[in-house]
Amino acid sequence: MSDLRLADVGVGQGGALSPVLSALFIAPIMKLFKLWAIRLGSTLLSYVDDGTAVTQSKSLDDNNVVLKQAYAILFVLFAALGLVLEHDKTELFHFDRSHSDHNPPLDLGYAPYTGDHLLTPKTYWRYLGFYFDQKLLFTEHVRYYATKSFSTVQAMGMLGNSTQGLPPLEKRLLYRACVLPIAMYGFRLWFFEGAKNKTAFKILTEMQRKAALWITGAFRTSPMGGTEALAGLIPVHLHLRKLADRANLRIATLSDTHPIRSLLSEDYVKQAEVHHCSVSNMAPALRDKVHGTIMEIENHHHELMEVFEPCAPENRPGFKLMDHFAAQVSFNDFKINMENKALSVTNRKIELDTLIDELKDDEHTVYCGIDTSLPANIRHQAASAYLIYRQGDVVHRARYIAGRVTAPDTELYAIHAAIMKACSLPNVNNITLFTDSIASARRAVNPSVHSGQVLRPRQ
């Protein structure tokens, strides 16, 4: 039991306990609101201490009537728990698919809990850093972040010019690390198959053109494609397509109860609660008409052949392989001394020869050498191979087709195959692995979500 404390002490906004206490109070309010407002067809979203009441109807005037009733219910629930709604911070925003300019205000009317309060709809709505407009074109969102990126590029001009300052390689690195993430923030809102984003591309292309001229030091009349190629920058539309493809496949790494899964079809929803607007509740004819990020994920998620387990039992703290056998698994990394490279390599060779001689003398030890081959032609698959030695003799050798994967995945597959075979040999107490990829060796004992997670170790 904790010490007694005064109930009126409170926790100020921004304090360490503020989000925790907000969640404890708002969670029952959201549950009660769901029960009370079920006849209204209104839903409530909450992000820490910010709440959003959402209503959908055929006309904006009908929306206002429902929102007024929903706001009254919220006030009663908050007042019952001793909380106060800040009416001055209340905002109204209408999404409208029609071509009319009718945008009615919301008159909450006079009541003991609100007073005379008239809400005027906003032109743009900023929520969690995203800028929404009435037609969901996200032109303002792109314009805001492209302008912010453009200002950053303009300011970077002070860091160097054609005669002194940063070299072009570092300018490119600075642009890709500091500017592009700002420009691409929230791009999944407006970039998906079937979206009309010509205006957004134009704004971002102008921003990248300025960056390419700064990196290369070229004249401003230089052609866009040439300066991008010289600066080593991917065109904006191709860069966005690459990020979108990765995002579509990254859904497989989400937990089984993630909210995004509740919007997908039956094949991918797993243990999530199905949302009433999910793809699984759409008629086949409607699915062909709807465009958006969720539909793009739905159409391309099947392209991923790899299996992930976000909540693997081996990844729980205290149950990981290195938590139980940290003393039995060690890594001997090697870094070349660039000041005396030849001597460093010679000493390393002597060290490895001595180690192999010691391994040969132990009949209960096997040592494995692995290597991979990644062809330059992307039409060909990668290959993994390993050799297992015991007392200087080869006891097993094998090579496998690793598929069209990257070099780290190929190395990881070779390590997995060699370790599995070595563990199956009789009277083996020690396994030594020789590899040129220490990062893949460390990943082999890491059960978290990553490429090649299916090859995670078993205790």
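The questions and answers below concern the cores, a surface patch, a covered helix and the strand pairing of a predicted model. Residues are numbered from 1 along each chain as its sequence is written, and side-chain values use heavy atoms, with hydrogens and water left out. Because the model is predicted, local features need pLDDT of at least 70 and side-chain atom pairs count only at pLDDT 80 or more, whereas totals for chains, interfaces and linings use all residues.

Me: Which helix supplies the largest share of the largest nonpolar core?
Reply: A nonpolar core is a set of buried Ala, Val, Leu, Ile, Met, Phe, Trp, Tyr and Cys residues joined through side-chain atoms within 4.5 Å, where buried means under 20% relative accessible area, exposed over 50% and partly exposed in between (1.4 Å probe, protein chains only). Of the 29 residues in the largest core, Tyr-175, Trp-190, Leu-204 and Leu-240 touch the most other members. At least two residues each come from β5 (125–127), α3 (139–156), α4 (168–183), α5 (198–216) and α7 (236–250), helices (H or I, at least four residues) and strands (E, at least two) being DSSP runs numbered from the N terminus. The largest share, seven residues, comes from α5.

Me: How many residues of helix α10 are buried?
Reply: Helix α10 spans residues 293–300 and is mostly covered. Its buried residues include Met-295, Ile-297 and His-300, and what covers the buried residues includes α7, α8 (266–269) and α9 (284–289), through contacts (heavy atoms within 4.5 Å). Of the eight residues in α10, the number buried is six.

Me: What is the relative accessible area of Phe-25?
Reply: Phe-25 lies in helix α1, residues 18–36. Together with Val-20, Leu-21, Leu-24 and Leu-81, Phe-25 makes a nonpolar surface patch of about 420 Å². Phe-25 is partly exposed, with a relative accessible area of 35%.

Me: Which residue takes a positive phi in the hairpin of β1 and β2?
Reply: Strand β1 (residues 42–47) runs antiparallel to strand β2 (residues 50–55), joined by six bridges, where two strands pair if DSSP finds at least two bridges between them. Ser-42 stands opposite Thr-55 in β2. Two residues lie between the strands of this hairpin, and the positive phi, near 55°, belongs to Val-48.

Me: Which residue in β10 is the bridge partner of Thr-365?
Reply: Strand β7 (residues 365–373) pairs with strand β8 (residues 382–390) in the antiparallel sense over seven bridges, with Asp-371 opposite Ala-385. Five bridges also join β7 to strand β10 (residues 430–434), and these two run parallel. In β10, the bridge partner of Thr-365 is Asn-430.

Conventions. Patch = residues over 30% accessible without salt bridge, like charges linked within 9 Å, V, L, I, M, F, W, Y side chains within 5 Å. Areas by Shrake-Rupley, 256 points an atom, 1.4 Å probe, with all protein chains shown as cover. Salt bridge = Lys/Arg side-chain N within 4 Å of Asp/Glu carboxyl O.
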